[in-house]
Amino acid sequence: MCGIVGYMGDRKACPILIKGLHRLEYRGYDSAGVAMVNADGNLNVFKCRGKVDDLEEYLKGKDDSGTIGIAHTRWATHGVPDNVNAHPHYSESENIALIHNGIIENYRVLKDALIQKGFNFKSETDSEVLCNLIEYIRNEEKCELAEAVRLALNKVVGAYAIAVLEKGNNDQIVAARQSSPMCIGLGEDEFFISSDAASIIDYTNEFVYVNDGEIAILRRHEPLKIINLENKDAEFNITNLDLSISQLEKGGYPHFMLKEIFEQPDTLVDCIRGRVSPETAQVILSGVLDNREKFIAAKRIIFVSCGTSWHASLIGEHLIEDLCRIPVEVEYASEFRYRNPIIHSDDVVIAVSQSGETADTLAAIRIAKEAGAFVYGICNVVGSSIARETHSGSYIHVGPEIGVASTKAFTGQVTVMAMLALAIGKERGTIDQDVYEKIAKDLLVLPEKMTEVLRQDSNISDLAKTFTYAHNFMYLGRGYNYAVALEGALKLKEISYIHAEGLPAAEMKHGPIALIDIELPVVVIATSEKTHEKTISNIQEIKARGGRIIAIIREGDTQIKKLADWVIEIPALCDYLMPVIAVIPLQLLAYYVAVYKGRNVDQPRNLAKSVTVE
């Protein structure tokens, strides 16, 4: 959730560190800081509560020299957001500085032991405990920094990505990871460190992804060395990352979120390209073809995911049960890992995550693998932990998503799930050929239909002005659209801070109908042909109680148009794919309501983009 950047080379470190921190601002944070060793060997730490801009202001007039440094943006876990709890942390002697993502679960035991040894602590954080533990071991064992880090980490329980500097040594950084992302960028006689390769893509496209339980030792003018916690050399691969700098800029849009909403027609082209043949309307997913027997023999499919990815998984459940006739369960990864789940060797577990680093989802993957299940990943980030730890999978190929509130990842995930269902259904012989071809052909026109919806941007912007007063919203959908209702509600509450609830439309009668009055806007996603008449009944129930309806409908739906107070018409596709375009008006509605309320759309309070802690 926090951001890590590091640099060692011949350039001045501070500008590279600051630029990297700006690239990581999308992750959500409350404070920022840098540590650098200058040419004289002095170890300087500068940090403050607030944004990276505040850190830049604080650095003015300070000694920011040196060609080696580490930097951090913190999202508070242990201790309030303030200057003291911000990273980097000094050891008590100020000979060592450390930055840390994750949570040290046994920090209290370690802290008590260090206090007994005479250590004093300035912050409330678990991270300072680790920094002092490294110093204690270094002094007691009279060993080098890398060995002190290794021995300390063998005493730690929890998740971490760390980078460590020491006073008097401007030729070495020690970094390590366990259940928190970290990569090393390789330049010409220089090293970069980051929790997200996108933050350092300006300088290199060659990356080494550090695995769990590994320690990277970066020494000036020497090759990268990686060892494990047992002090054995670890093999590593260099990955070339194809990422455009322009993908990380706003491109003239006021916010990344709006840019990413409007990118969706293009990102879906990338998602579908090479997977659906325009000539034959055949769907080809290598992850299915290469593991054909696993999917044919599957007795059950289990989706594990969190947040927006969980909503996408609900649609995946419908798609696979409808088209493949396999029972499907959708689990919150955070609950799955603690529920002692029953998993069989003929289960297929599908792990879904935008970042590919979600801690709970990674834990669920490990549980599934230990039980002998086949694990398939759906994620966006090439080389991410989920991509490496699953048996097979599919990238959604939607490009970097900088806005904290996910948009194009959701539509990319649902699109991949539709292709996955078609590919599995064909191999199992459970899908009618006419249905198969209809869905495949609709997949090919999805980007075009999405572009049509986006042309209503100004109308939705005007509509949003009406609802800046609202304190609550209700979103209703049936079947495939229930997940769309949940996603629409999530987008609104994430960025506007208006309470919103998504419900199956028929469940409204079982309690929530008590909330209906003229003050409560109700968004009804009414695009399904199968449940059209039932949805009309639900709308009439709301109208009878004075409720006001915003309806998302298919073009030409005159019945609901007469009943609703406001309508947004979208092009018609088969029911299986309507959620992909039905969510677009809800993304835009949430965005504009938040803008008119003066919210920080790209970095909403308390949220982080990549949730790498429990």
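**An antiparallel sheet, its covering helices and a helix pair**

In the predicted model, I103 has A159 of strand β7 as its bridge partner. This pair belongs to the contact between β6 and β7, two strands that run antiparallel and are joined by nine bridges. On the other flank, β7 pairs with β8, again in the antiparallel sense, over six bridges, and here I162 stands opposite A176 of β8. The connection between β7 and β8 is a hairpin with two residues between the strands, and G168 in the turn adopts a positive phi of about 80°. Eight of the nine residues of β7 are buried, so that this strand is largely enclosed by the rest of the structure.

These strands form part of an open sheet of six strands, arranged in the order β5-β6-β7-β8-β12-β13 with antiparallel pairing. The edges are formed by β5 (residues 89–90) and β13 (residues 225–228), each of which pairs on one side only. Strand β12, which spans residues 214–219, is joined to β13 by four bridges, the two strands running antiparallel; within this pairing, A216 has I226 of β13 as its bridge partner. Helix α5 (residues 145–153) packs on the sheet and touches β6, β7, β8, β12 and β13, its direction making about 160° with that of β7. Helix α4, comprising residues 126–141, lies across β5, β6 and β7, and runs at about 130° to β6.

Several backbone features occur in the loops around these elements. Most residues other than glycine have a negative phi, and most peptide bonds are trans. Against this background, K142, which is not a glycine, has a positive phi of about 50°; K142 is placed in the loop between α4 and α5 and, at 73% relative accessibility, counts as exposed. A positive phi, of about 60°, is also found at S179, likewise not a glycine. S179 lies in the loop between β8 and β9 (residues 183–187), and its relative accessible area of 16% falls under the 20% limit, so that S179 is classed as buried. A cis peptide bond, with omega about 0°, joins H87 and P88, and P88 is located in the loop between β4 (residues 68–74) and β5.

A further packing arrangement involves helix α9 (residues 307–324) and helix α13 (residues 408–428), whose axes come within 9 Å and cross at roughly 20°. Because angles under 35 degrees count as roughly parallel, α9 and α13 are therefore described as roughly parallel to each other. The crossing of α9 past α13 is right-handed. Residues of α9 that take part in the contact include H311, I315, L319 and L323, which belong to a set meeting residues of α13 that include F410, V414, M417, A421 and L422. Classified by residue type, the contact of α9 with α13 comprises 13 nonpolar, seven polar and one charged residues.

Elsewhere in the chain, I568 is found in strand β24, which covers residues 566–570. I568 is buried, its relative accessible area being 5%. When its neighbours within four places in sequence are left aside, I568 is in contact with Q456, I460, L463, A551, I552, I553 and P585. The C-alpha atoms of I568 and L586, two residues 18 positions apart in sequence, are 9.9 Å apart in space.

Terms used: Residues numbered from 1 in each chain as written. Predicted model: local features only at pLDDT ≥ 70, side-chain atom pairs only at ≥ 80, totals over all residues. Heavy atoms only, no water. Pairing = 2+ DSSP bridges. Contact = heavy atoms within 4.5 Å. Axes fitted to C-alpha atoms, helices over the stretch in contact; angles between N-to-C directions. Buried < 20%, exposed > 50% of the residue type's maximum accessible area, 1.4 Å probe, protein only. Parallel < 35°, antiparallel > 145°, perpendicular 65-115°, else oblique. Left-handed = near helix turned anticlockwise from the far one by under 90°. Nonpolar A, V, L, I, M, F, W, Y, C, P; charged D, E, K, R; others polar.
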